[in-house]
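Trainee: Before I rely on the labels attached to this structure, I would like to go through the reasoning behind them. Could we take them one at a time?

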Number of protein chains: 2
Amino acid sequence: MPGAAAKPARRRRPRGSINADDIVAGAFEVARRASLDQLSMPVLAEHLDVGVASIYWYFLKKEDLLNRMTDLAVNRLIQAFPPVPDDLPWPEFLHDYFKRERTIFRDDQVMCDLVLVSTSTYSKDAARRLFEREESVLARLAGAGFSAENAFRVFNAVSVYTRGMVIHERILQRSKTPTLDTARQRQITDWSSMPLLERMLDRHPLAGTTDEDFEFGLAGLVSGFETLLREQEAG
Amino acid sequence: MPGAAAKPARRRRPRGSINADDIVAGAFEVARRASLDQLSMPVLAEHLDVGVASIYWYFLKKEDLLNRMTDLAVNRLIQAFPPVPDDLPWPEFLHDYFKRERTIFRDDQVMCDLVLVSTSTYSKDAARRLFEREESVLARLAGAGFSAENAFRVFNAVSVYTRGMVIHERILQRSKTPTLDTARQRQITDWSSMPLLERMLDRHPLAGTTDEDFEFGLAGLVSGFETLLREQEAG
DNA sequence: ACCTGAACACCGTTCAAGT
DNA sequence: ACCTGAACACCGTTCAAGT
């Protein structure tokens with residue numbers, strides 16, 4: 001035997017045996033198993049038991065595949081939100097809404113990477129659905145007395161805060177650095193010149209990413225906007 | 001001439017003609033010229049006029065190089081802050097502090113990518129300097145009446161918000177997607193079902209990343225924490 | 001119309017060698 | 001002790017060919 005046994009040599013697939021949806025589904029499986037940046041075309045092809053080039057018949061670029069994935073992720077994100085209730089006072093509503101957003105992203109790291117950290121894009125359709133969702137929240141705020149401009153800015157600020165926390169947490173867990181792990185923190189140096197931080201060493205993660213930490217800032221934001229609304233109504 | 005002219009064939013460099021600092025400096029040059037993720041070992045080697053393998057004598061992994069770069073970036077970040085003044089009331093101080101942080105990151109995209117979005121790590125030394133800086137802010141807040149725990153959480157929340165805005169802006173500019181560009185936005189669909197958002201279309205970027213947008217949320221946060229402090233003192 | 005292996009240009013990293 | 005080209009395993013993408 002001259003050519004030593006090497007590859008199982010997959011049999012040629014009949015046409016129509018894969019399609020774009022299968023590829024995207026497989027891509028999510030691979031990404032879930034490891035992480036989004038472990039997703040490569042060769043690995044995906046192997047997972048699907050397909051030649052690499054076949055994928056390129058359906059997606060001209062890897063980026064196109066990622067964009068399609070992002071679209072699906074956005075859909076899942078939107079569907080994960082409950083309908084906007086109108087029995088709750090707006091501060092509580094806003095609080096719940098973004099608390100929810102955080103848990104959604106936290107429970108789906110691939111979604112987080114696609115929508116929040118990667119530079120991939122979503123379709124106009126997905127954008128529209130996101131905007132519709134935002135509009136319903138803005139309507140809620142406008143109904144409570146905020147000007148359109150302020151409603152927009154309130155939504156924006158709380159959104160940036162929430163996503164900032166999600167991203168921060170995600171990046172921390174991606175970098176294996178236990179820099180912020182308590183144990184290591186203790187050995188980093190003497191804390192004698194930093195008495196206030198020293199008292200924080202017994203904390204959870206020192207990074208300030210617990211539920212309480214998140215909700216503290218969220219409550220602060222909402223409270224600040226309550227004040228603003230009062231001033232707006234008074235002025 | 002059998003071997004067609006191909007490479008200029010760089011002459012061998014004498015030992016000691018490069019060192020770790022030169023490599024890091026060159027890496028920043030390359031990253032500045034394009035962006036951090038354009039920085040590759042071959043490109044860097046070419047820029048330095050050195051064999052690729054030479055870099056690996058000083059940095060065992062590309063990650064080591066990135067970590068070193070991150071360390072320098074953290075130093076620059078800290079030095080860019082003015083000393084903490086004690087003549088300003090804490091709300092204004094906090095406002096200025098994070099307004100400053102935002103501009104620092106915004107003016108240095110490589111620093112932003114290294115410290116905020118990449119998973120690279122910084123040394124214990126850099127971490128210490130960051131903590132010392134944080135401690136001085138905490139001291140300021142504690143002096144104003146916040147408990148240690150609340151001072152920590154206030155700092156944390158405003159930090160997350162600020163960095164969230166910086167990252168958001170950075171990711172928007174990295175993805176060429178003009179999804180949020182006004183012109184495209186207008187053509188996306190009819191806005192008739194979204195009257196509130198429609199009124200925002202004449203905005204700057206629709207993304208809500210202007211200075212005013214940022215400072216609106218910042219002011220909201222600070223205002224919320226003022227309320228909290230009042231309640232803490234009352235209770 | 002769809003599927004494919006082989007090739008290309010790139011990347012990070014290693015290694016056996018030069019000086 | 002430092003510097004190096006060539007090689008390796010990987011990646012994204014293309015292409016000329018199979019059915």
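Mentor: Let us begin with the term salt bridge, which is used here for a side-chain nitrogen of Lys or Arg within 4 Å of a carboxyl oxygen of Asp or Glu. Please keep in mind throughout that this is a predicted model. By that rule, the count between chain B and chain A is four salt bridges.

Trainee: What makes the meeting of the side chains of Arg153(B) and Asp213(A) a salt bridge?

Mentor: The N to O distance for Arg153(B) and Asp213(A) is 2.9 Å, and the cut-off asks for a nitrogen of Lys or Arg within 4 Å of a carboxyl oxygen of Asp or Glu. The pair therefore counts as a salt bridge. Under the separate rule for polar contacts, ten residue pairs are found across the interface of chain B and chain A.

Trainee: Which element gives the most to the side of chain B that touches chain A?

Mentor: That is helix 8 of chain B, with 16 residues. The elements giving two or more residues to this side also include helix 7 (124-144) and helix 11 (211-234) of chain B. Sorted by kind, the residues on this side of chain B divide into 30 nonpolar, 20 polar and 16 charged.

Trainee: How many residues does the contact take from each chain, and what area do the chains bury between them?

Mentor: The contact takes 66 residues from chain B and 66 residues from chain A, and the two chains bury about 5500 Å² between them, with 68% of it on carbon and sulfur atoms.

Trainee: Why is the relation between the chains called that of a two-fold axis?

Mentor: Chain B is superposed on chain A by a rotation of 180° with 0.0 Å of shift along its axis, at an RMSD of 0.0 Å, and that is the relation of a two-fold axis. The same surface serves both copies, since 100% of the contact residues of chain B recur in chain A.

Trainee: Is Ser223(B) called buried or exposed, and why?

Mentor: Ser223(B), which lies in helix 11 of chain B, has a relative accessible area of 16%; buried means under 20%, so Ser223(B) is called buried. Leaving aside its neighbours within four places in sequence, Ser223(B) is in contact with Gly224(A) and Thr227(A).

Trainee: And is Asp202(A) buried or exposed?

Mentor: Asp202(A), in the loop between helix 10 (195-198) and helix 11 (211-234) of chain A, has a relative accessible area of 66%; exposed means over 50%, so Asp202(A) is exposed.

Note on methods. Residues numbered from 1 in each chain as written. Chains lettered and ligands numbered in written order. Predicted model: local features only at pLDDT ≥ 70, side-chain atom pairs only at ≥ 80, totals over all residues. Heavy atoms only, no water. Least-squares fit on C-alpha atoms with pLDDT ≥ 70 in both. Contact = heavy atoms within 4.5 Å. Helix = DSSP H or I, 4+ residues; strand = E, 2+ residues; numbered from the N terminus. Buried < 20%, exposed > 50% of the residue type's maximum accessible area, 1.4 Å probe, protein only. Buried area = accessible area lost by both parts, 1.4 Å probe. Polar contact = N/O pair within 3.5 Å; in protein donor to acceptor, adjacent residues only side chain to side chain. Nonpolar A, V, L, I, M, F, W, Y, C, P; charged D, E, K, R; others polar.
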